[in-house]
Amino acid sequence: MDKSKIKKVVLAYSGGLDTSIIIPWLKENYNNCEVIAVSGNVGQADELEGLEEKAIKTGASKCYVEDLTEEFVNDYIIPTVKAGAKYEEYMLGTSFARPLIAKRIVEIALAENADAICHGCTGKGNDQVRFELAIKAFAPNMPIIAPWREWTIRSREEEISYAEAHNVPLRINRETNYSKDKNLWHLSHEGLDLEDAGNEPLYEKDGFLELGVSPLKAPDEPTYITLEFKQGVPVALNDEYLSAKDIILKLNEFGGKNGIGLLDIVENRLVGMKCRGVYETPGGAILYFAHDYLETVCLDKYTMHKKAELAITFADLVYNGQWFTPLREALSAFVDKTQERVNGKVKLKLYKGNIIKAGVWSDYSLYSEEIATFGEDDVYDQSDAKGFINLFGLPIKVQAQVDKKNQK
């Protein structure tokens, strides 16, 4: 990359530690270039407060704060939930937000005639891949600046020192310096004491959890909720019809206060290492559970099993930043077909970190009490089983006969 040609840079800006110091760093190292900050609002809430003022005060010429929340839910979260896709139990909160944010950043970069796009992802993480694959999908020839792969800074402590030297305001200090990512779906925690896999997360410590409470601090009485789905999409909560976004936000409240959705996981990163993270996904955990619960009565055996197999592939694609690929689009088309009959209502009991089934109803239910009963019935002829077993077991029987003949 010829730095002399870089006059205007669009920066993926969150206002966090990394991107806060990147603005002055870009101006120091790229010929005092113009820096345009772009923040995608995917539900960070209070993290967006004062963001534009901070960006400009730090050296940006302007700051876009784009509301992407509805698109995030409808076009990224819901398709992933319908697919039943989780990556090693992780509900992909950061993974499916990055392609959307990067897509909008590209749109602004092209409109602003920018010479490059910059992001603050480290060279050790997955997000650098997610951002850059999305950028390549929409602006294949756009130069990409990744300071973590260029500068001499090697730790978050050194980043804080750089910020202090350049009078960049920060909301963290050296003692609360967890690496976090927050949106309307989840909050992740990495670093500090969590880097030692032998340390228990500080769930009971005030201020550690932000979206909910430890199960130990949850109410002693359970909370019951009902969720209604149409074609796999949540449409009502407790008989109130709402947008999927509003349902997730309300589920976050129910789940948070009941200690739902905490995950402590050592995951296999795309870049080859294992990394530990603690995730808060209160509403997401409930939504996945409810959707899976409804599918147990609405999907036939073979569709359900094949869908579960493909959910692993879907999750891998999302985790690895391959959202904008023909395979992911094809899998989503398959998933949409499977969801045509996933209509109905589920009832759940939330209690001290647990999600407990409390009832399921669907006009498309394949479960028949009349057929499944242990009592007397007139619809299932048990004598039919003999012929079925003889045919189903024929390959095993023939193999055993051949083996016995050859042992003589």
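Between which strands does the loop holding Val271 lie? In this predicted model, Val271 is placed in the loop that runs between strand S11 (262-268) and strand S12 (274-280). Together with Leu270 and Met273, Val271 forms a nonpolar patch on the surface, and the accessible area of the three residues together is about 200 Å². Val271 itself has a relative accessible area of 34% and is therefore partly exposed, since this class lies between the 20% limit for buried residues and the 50% limit for exposed ones.

The loop between S11 and S12 also contains Arg269, and Glu190 lies in strand S7, so the salt bridge of this pair ties together parts that are 79 residues apart in sequence. The side chains of Glu190 and Arg269 meet at 3.3 Å, N to O. Glu190 is buried, and Arg269 is buried as well. Strand S7 (residues 187-190) is covered on both faces. On one side Leu187 and His189 are buried, and on the other side Ser188 and Glu190 are buried.

The pairing of S7 with other strands was examined next. Strands of a sheet pair through backbone hydrogen bonds, in either a parallel or an antiparallel manner. Strand S6 (residues 179-182) is joined to S7 by four bridges, and the two strands run antiparallel. Within this pair, Asp181 stands opposite Ser188 of S7. S6 and S7 form a hairpin, with four residues between them. S7 is also joined to S12 by three bridges, again in an antiparallel arrangement. His189 has Val278 of S12 as its bridge partner.

A further hairpin is formed by S13 and S14, with two residues between the strands. In this hairpin Lys352 takes a positive phi near 45 degrees. Seven bridges connect strand S13 (residues 344-351) with strand S14 (residues 354-361), and the strands run antiparallel. Leu350 is paired with Ile355, its bridge partner in S14.

Parallel pairing is found in an open sheet of five strands, whose order is S3-S2-S1-S4-S5. Strand S3 (62-67) and strand S5 (144-145) are the edge strands, each of which pairs on one side only. Strand S1 (residues 8-12) is joined to strand S4 (residues 116-118) by three bridges, and these strands run parallel. Leu11 has Cys118 as its bridge partner in S4.

Strand S2 (residues 34-41) of this sheet includes Ser39. With a relative accessibility of 1%, Ser39 counts as buried because the value is under 20%. Apart from neighbours within four places in sequence, Ser39 is in contact with Tyr13, Gln44, Leu48, Leu51, Tyr64, Val65 and Glu66. The side chain of Ser39 reaches the backbone oxygen of Tyr13 at 3.3 Å. By contrast, Leu26 is 13 residues from Ser39 along the chain, and the C-alpha atoms of these two residues are separated by 17 Å.

Glu66, one of the contacts of Ser39, also takes part in a salt bridge with Arg104, in which the side chains meet at 2.8 Å, N to O. This pair links distant parts of the chain, with Arg104 in helix H4 (residues 97-111) and Glu66 in strand S3, 38 residues apart. The two partners fall into separate classes of accessibility. Glu66 is buried, with a relative accessible area of 17%, whereas Arg104 is partly exposed at 25%. Both residues belong to a network of salt bridges that links Glu66, Glu71, Lys103, Arg104 and Glu107.

The structure holds 24 salt bridges. Side chains of opposite charge can pair when their charged atoms come close. One further salt bridge is that of Glu150 with Lys3, in which the closest N and O atoms are 4.0 Å apart. This pair also links distant parts of the chain, 147 residues apart: Glu150 lies in the loop between S5 and helix H6 (156-165), and Lys3 lies in the segment before S1. Glu150 is partly exposed, with a relative accessible area of 35%, and Lys3 counts as partly exposed at 34% relative accessibility.

Conventions:
Residues are numbered from 1 along each chain as its sequence is written. This is a predicted model: local features need pLDDT of at least 70, side-chain atom pairs count only at pLDDT 80 or more; totals for chains, interfaces and linings use all residues. Side-chain values use heavy atoms; hydrogens and water are left out. Two strands pair if DSSP finds at least two bridges between them. Buried means under 20% relative accessible area, exposed over 50%, partly exposed in between (1.4 Å probe, protein chains only). Contact means heavy atoms within 4.5 Å. A polar contact is a pair of N or O atoms within 3.5 Å; within protein, one must be able to donate a hydrogen and the other to accept it, and residues adjacent in sequence count only if both atoms are side-chain atoms. Patches are made of residues with over 30% relative accessible area and no salt bridge: like charges are joined within 9 Å, nonpolar side chains (Val, Leu, Ile, Met, Phe, Trp, Tyr) within 5 Å. Accessible areas come from the Shrake-Rupley method with a 1.4 Å probe; for residues, only the protein chains shown count as cover.
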